[in-house]
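Visitor: I would like to learn how to read a structure feature by feature. Could you walk me through this one?

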Amino acid sequence: MNKMIQKLKVGVIGTGAIAQNRHIPEYKKNRFVELVGVVDANVSRAKEVAHKFYIQHYYQNVKELIENQDLDIISICTPNHTHKEIAEVCLNKGIHVLCEKPLSTHYKDALALIKLAEEKNVFLAVGLNQRLVPAHNKIKEILDHGDLGKVYQIKASFGHGGPEHWSVEGEKNWFFDREKSFFGSLGDLGIHKIDLIRWFLNEEITDVSSLKSTIEKPTYVDDNATVIMKTEGNTLCTVTTSWTYTPWVQNELMISCEFGTLLLEQNPDKPGLTILKRDMEETVEVDWLIKEKSGYHHSGLIHYFVNSVMSKKEPTLISAKTFLGTLKAIFAAEQSAKMKQTICIND
Ligand SMILES: NC(=O)c1ccc[n+]([C@@H]2O[C@H](COP(=O)([O-])OP(=O)(O)OC[C@H]3O[C@@H](n4cnc5c(N)ncnc54)[C@H](O)[C@@H]3O)[C@@H](O)[C@H]2O)c1
């Protein structure tokens, strides 16, 4: 006899671009969950998205959702300044939370949320989808294998044409409003690269120096930035970010090691990860999304978090605790640009 699986009940807060492109379709495809409701401060958007994805309930605020539905999991896909308050309400209700980056706009808030999740015995994870990208997993596998020796330098860049091309709010998007975003291109895109660097190396960032500028976009946050960092093991890293790149996405990594170099470029004309050694050059095929045999492509984030909740195993790869070192480095980069100084991260 088939054992009936009790599906986990899920809600998604914020029905903008990341919710519609990733969280909602990936929950809908997951057979272990039922996406029962969505919330958006713009209730007509919540209604439209609920209809589009065949979701039964929609609401205008998180309290209405959690009072009316008995949820196991919530995804927070709202602007940065709202994350802390929404996460607090959900954790207090004993719901597992997957919050989009940057989790919080103050370091102390991230610590308080982690403590609350522990007290309530639920998981708090961050949308670190880049750690699940197959191309990045291949790099991690090669570096962990050790053939290339010590990593001496990492050069990363990540940019696109600007959030107005991405956000559902278009030109009047919240990313340009410093009160809501807190961060510019560096906090938006660089956060992923800094996080990847810590993960690739298994090391924390110790020194951070950054320069930021606002060249083109109607905002007080940076639309271009560069940060130079040093890790515990003396690896030097630069991360360059932009909201003004043409063509609209550039995503690159160069990892220079003792016995070779890894080059990764998200460029459809030059697919793959190139491995250069003294006596050989090889390009291996890598993907940017997980490709199932059925033809379904996904980020892996929802699958990973749902599996963690189902199996009651801490989502270590993407847990808020794992992410703290990245937040520290991002705040140090903000401080460095403001004070025009190199910031040393202690402890
Ligand atoms: N992991 C990633 O790669 C990635 C990529 C893009 C965005 N993000 C993150 O996702 C979050 C959302 O970004 P987006 O690109 O989807 O933005 P978006 O502008 O496309 O959508 C935001 C939505 O949130 C709604 N909203 C605003 N305040 C709300 C509130 N208090 N309660 C409920 N809904 C509210 C808005 O009406 C809008 O529909 C941000 O924190 C962003 O940093 C992560």
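**Reading the model**

Guide: Start with a charged pair: E119 and K115 form a salt bridge, with their closest N and O atoms 3.3 Å apart. Keep in mind that this is a predicted model.

Visitor: Where do E119 and K115 lie?

Guide: Both belong to helix α5, residues 107–120. They are four residues apart, about one turn of the helix.

Visitor: Are E119 and K115 buried or exposed?

Guide: Both are exposed.

Visitor: How many salt bridges does a search of the whole structure find?

Guide: The search finds 16. Take K217 and E164 next: their closest N and O atoms are 2.6 Å apart. K217 sits in the loop between β8 (205–213) and β9 (224–231), and E164 in the loop between β7 (151–160) and α7 (178–181), so this pair ties together parts that are 53 residues apart in sequence.

Visitor: Are K217 and E164 buried or exposed?

Guide: Both are buried. Buried means under 20% relative accessible area.

Visitor: What about a pair whose partners fall in separate classes?

Guide: Look at E204 and R198, whose side chains meet in a salt bridge at 2.8 Å, N to O. E204 has a relative accessible area of 32%, so it counts as partly exposed. R198 is buried because its value is 8%. Salt bridges with shared partners join R131, D195, R198 and E204 into one network.

Visitor: Now the sheets. How do I read strand order?

Guide: List the strands as they sit side by side, then look at the pairing. One open sheet has six strands in the order β3-β2-β1-β4-β5-β6, and the pairing is parallel. β3 (57–59) and β6 (124–126) stand at the edges with a single partner strand each, so one side of each has no neighbour in the sheet. On average, neighbouring strands of this sheet are turned by 20° against each other, direction ignored.

Visitor: How many bridges join β5 to β6?

Guide: Three, and the two strands run parallel. β5 covers residues 96–99. To see one contact in detail, go to C99: its bridge partner in β6 is V126.

Visitor: Which helices lie across this sheet?

Guide: Two to look at are α2 and α9. Helix α2 (residues 43–52) lies across β2 (33–39) and β3, running at about 165° to β3. Helix α9 (residues 301–311) lies across β1 (8–13), β2, β4 (73–76), β5 and β6. The direction of α9 is at about 160° to β5.

Visitor: What is the pairing in the sheet of nine strands?

Guide: Mixed. That open sheet has the order β14-β13-β12-β11-β7-β10-β9-β8-β17. Its edge strands are β14 (280–284) and β17 (343–344), each pairing on one side only. Within the sheet, β9 and β10 run antiparallel and are joined by seven bridges. M229 stands opposite C237 in β10. Helix α6 (residues 134–145) packs on the sheet and touches β7, β11, β12 (260–265), β13 (273–277) and β14. Its direction makes about 175° with that of β12.

Visitor: Next, the surface. Which residues make the nonpolar patch?

Guide: W166, W248 and V249 make it, and the patch covers about 280 Å². W248 lies in the loop between β10 (236–242) and β11 (249–257). W248 counts as partly exposed because its relative accessibility is 41%.

Visitor: Last, the backbone. Where is there a cis peptide bond?

Guide: Check omega. The bond joining K101 and P102 is cis, with omega at about 15°. P102 is in the loop between β5 and α5.

Visitor: And phi? Which residues should I inspect?

Guide: Look for positive values at residues that are not glycine. Y54 is one case, with a phi of about 55°. Y54 lies in the loop between α2 and β3, and is exposed at 70% relative accessible area. N121 is another case, with a phi of about 60°. N121 sits in the loop between α5 and β6. Its relative accessibility is 68%, so N121 counts as exposed.

Notes:
Residues are numbered from 1 along each chain as its sequence is written. This is a predicted model: local features need pLDDT of at least 70, side-chain atom pairs count only at pLDDT 80 or more; totals for chains, interfaces and linings use all residues. Side-chain values use heavy atoms; hydrogens and water are left out. Two strands pair if DSSP finds at least two bridges between them. Axes are lines fitted to C-alpha atoms, for helices over the stretch in contact, and angles run from 0 to 180 degrees between N-to-C directions. Contact means heavy atoms within 4.5 Å. Patches are made of residues with over 30% relative accessible area and no salt bridge: like charges are joined within 9 Å, nonpolar side chains (Val, Leu, Ile, Met, Phe, Trp, Tyr) within 5 Å. Accessible areas come from the Shrake-Rupley method with a 1.4 Å probe; for residues, only the protein chains shown count as cover. A salt bridge is a side-chain nitrogen of Lys or Arg within 4 Å of a carboxyl oxygen of Asp or Glu. Buried means under 20% relative accessible area, exposed over 50%, partly exposed in between (1.4 Å probe, protein chains only).
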